[in-house]
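Student: I should like a close look at a single part of this protein, namely its internal cavities. Please describe them in one connected account.

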Amino acid sequence: MRLHDKAKAILRQNDQGGYTLPTFGLYPYQWNWDSAFAAWGFTTFDPDRGWRELETLFSGQWDDGMLPHILFHRIDPGYFPGPEVWQGRGPIPSSGITQPPVAASFMAKMLVMHPDGKTRARALWKKLKAWHAWFMEWRLDQGAVCVTHPWEAGRDNAPDWDSAMRTIDVTGIGEYTRRDTSHVDPSMRPTKYDYDRYLKLVQLGASVNWDQRELKKINPFRVADPTMTFTLLRANRDLRDMGQSFGEDVTQIENWIKTLEDGAKTLWNENIKGYDSRDAHTGAFNGVLSNASALCWYAGIDNAEARPAVERMMDAATYGLASFNPEADGFEPLRYWRGPTWPIMNFLVGSGMEEMGISDLADRIRTDTRHLMKLNGFAEYYDPLTGKPAGGDSFTWTAAVWLGWAGDFPKSERGVA
Ligand code: DGY
C-alpha cells in the first residue's frame, strides 16, 4: 500500500465515529491537541469528518470555557488515570486540565482547504474564543502562558519541569497501577518518580473541584511555557483573522495578541540564547533548549537571535529537531519528551519557519520528517539519532502530518494553507 493510503487508513482505523483515538491501547480516548491534528488530516480527504472531529471535541467544553485535555467518551480500563480520578466537571467525563491550544490554527487551515465549512467554523469560533479567554483569565504570568500540570504542555516529561516537580510532596498519594507501561516499553515512557507527581497534581486539582482561583493558591506547579505561549499567540492571530472575515468584533483578541507578544519576550533566556520555560513561583528560568524553543516562528515572532541555537540542535541530530537539546546533560534519545523527535512538533516548527522565510531549515525539517515515516512508518516519536520508531504505533497525528505536510506529493495536494 502507498504510504499515503496507509496514512489515511490509520485515521480510519482509529476513528471511533466522531472522534479519533491517538492510537489503540496506549491512548483509548479523545485527546485535545491530537484531535486538532486529526481534524486537519481528515480534511485532506474527508472534510465532513474533519469538522466533526472538532465539534465532538468542543462538545466536552466546560462552562468556564476550559477545553479538557482528555474526553472519556467510553470507559476503557486500559488507561490510568481515568475519570474517577480526575473528577472533571464538564458535560462529558473528562480530565481537569487543558492542552496546547492549536485547534483554532488547524481550523483556519481547514477553512482554506474546505471553504464550505464556514457555517460550522462560525459556530466553533465562539467556543474557541471562550477557551482562549479562559487562558487569558487564569493562566498568565507576565503575559506568558503557564501550565499547571506537565501533561498540559503536551510535553509530559520534558526537563523543563524537573525543578518544579522537585517541590511536589507526594505523601499520601496511595497505591495505583500504571497502564501505559503495559502498552509501551517503560524505557520510552516517564518514570515512576514522574508519575507519582503527575498523580499528586491531579489529586490537588480534584480536591478543589478544578476551581482555578483555589488551584492557583495550592498548586506548587506553575510554569510559564513556550509551548503554551507560542501556540496561544498563533491561535489568537488565526482566531482574529477568521473573526474579521466573519464580521466579528476582534478588539479583545487584538489585545490578547499584544499581551502575549510581550509575554513571549519574558521567555527569552539570554544565558542559553533561546526561549525557555520559567517557574512562575520563583521566577527562575529552567535553562532548557527544546523543540518548544523553536515555536517562536510559528507564533509569528521573527527573532533572528533564536536561530543559531535551534540550528545547532538540528546539527546535533540526524533527523529533524530533537525534543531536548542532544548536547545537554540528561538527553535520552528514546524517552518521550527528553530527546525523541516528534513529527507533530516538527510540523509546527517547520511550517512556522516556512511562513517566516527560513526556508533552508524548514525544508530540512520537513525532509527529515518525511524520511522518518518512509523508513519507519507512523510512530508516535522517533530516536533523533537513529530514526528508530518509539512509543505507540499507527499513530493518528503522525499520519495527519504526512497527509497535511510531510508526504512526498505536490504542495497543492497538501493541507498547508
Ligand atoms: C499520557 O497518558 O501519557 C498522556 O500524555 C497524558 O495526557
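Tutor: Two cavities of 30 Å³ or more are held within this predicted model. A cavity here is a set of points, on a 1 Å grid over the protein atoms alone, where a 1.4 Å probe fits but cannot get out, and lining residues have an atom within 4 Å of a point. Grid points are joined across faces, edges and corners, and a volume is the space filled by probe spheres set on the points. Residues are numbered from 1 along each chain as its sequence is written. The model is predicted, and totals for chains, interfaces and linings use all residues, whereas local features need pLDDT of at least 70 and side-chain atom pairs count only at pLDDT 80 or more.

The largest cavity encloses about 190 Å³ of space. It is lined by 19 residues, of which Y27, W31, Q99, D156 and Y336 are the closest to its centre. By class, twelve residues of this lining are nonpolar, three are polar and four are charged. In this scheme Ala, Val, Leu, Ile, Met, Phe, Trp, Tyr, Cys and Pro count as nonpolar, Asp, Glu, Lys and Arg as charged, and the others, Gly among them, as polar.

The second largest cavity holds about 30 Å³ of space. Its lining is formed by T148, Q212, L215, K216, N219, F221 and R222. Sorted by class, that lining comprises two nonpolar, three polar and two charged residues.

Methods
Side-chain values use heavy atoms; hydrogens and water are left out. On a 1 Å grid over the protein atoms alone, a cavity is a set of points where a 1.4 Å probe fits but cannot get out, and a pocket is an open set with protein on both sides within 12 Å along at least five of seven lines; lining residues have an atom within 4 Å of a point.
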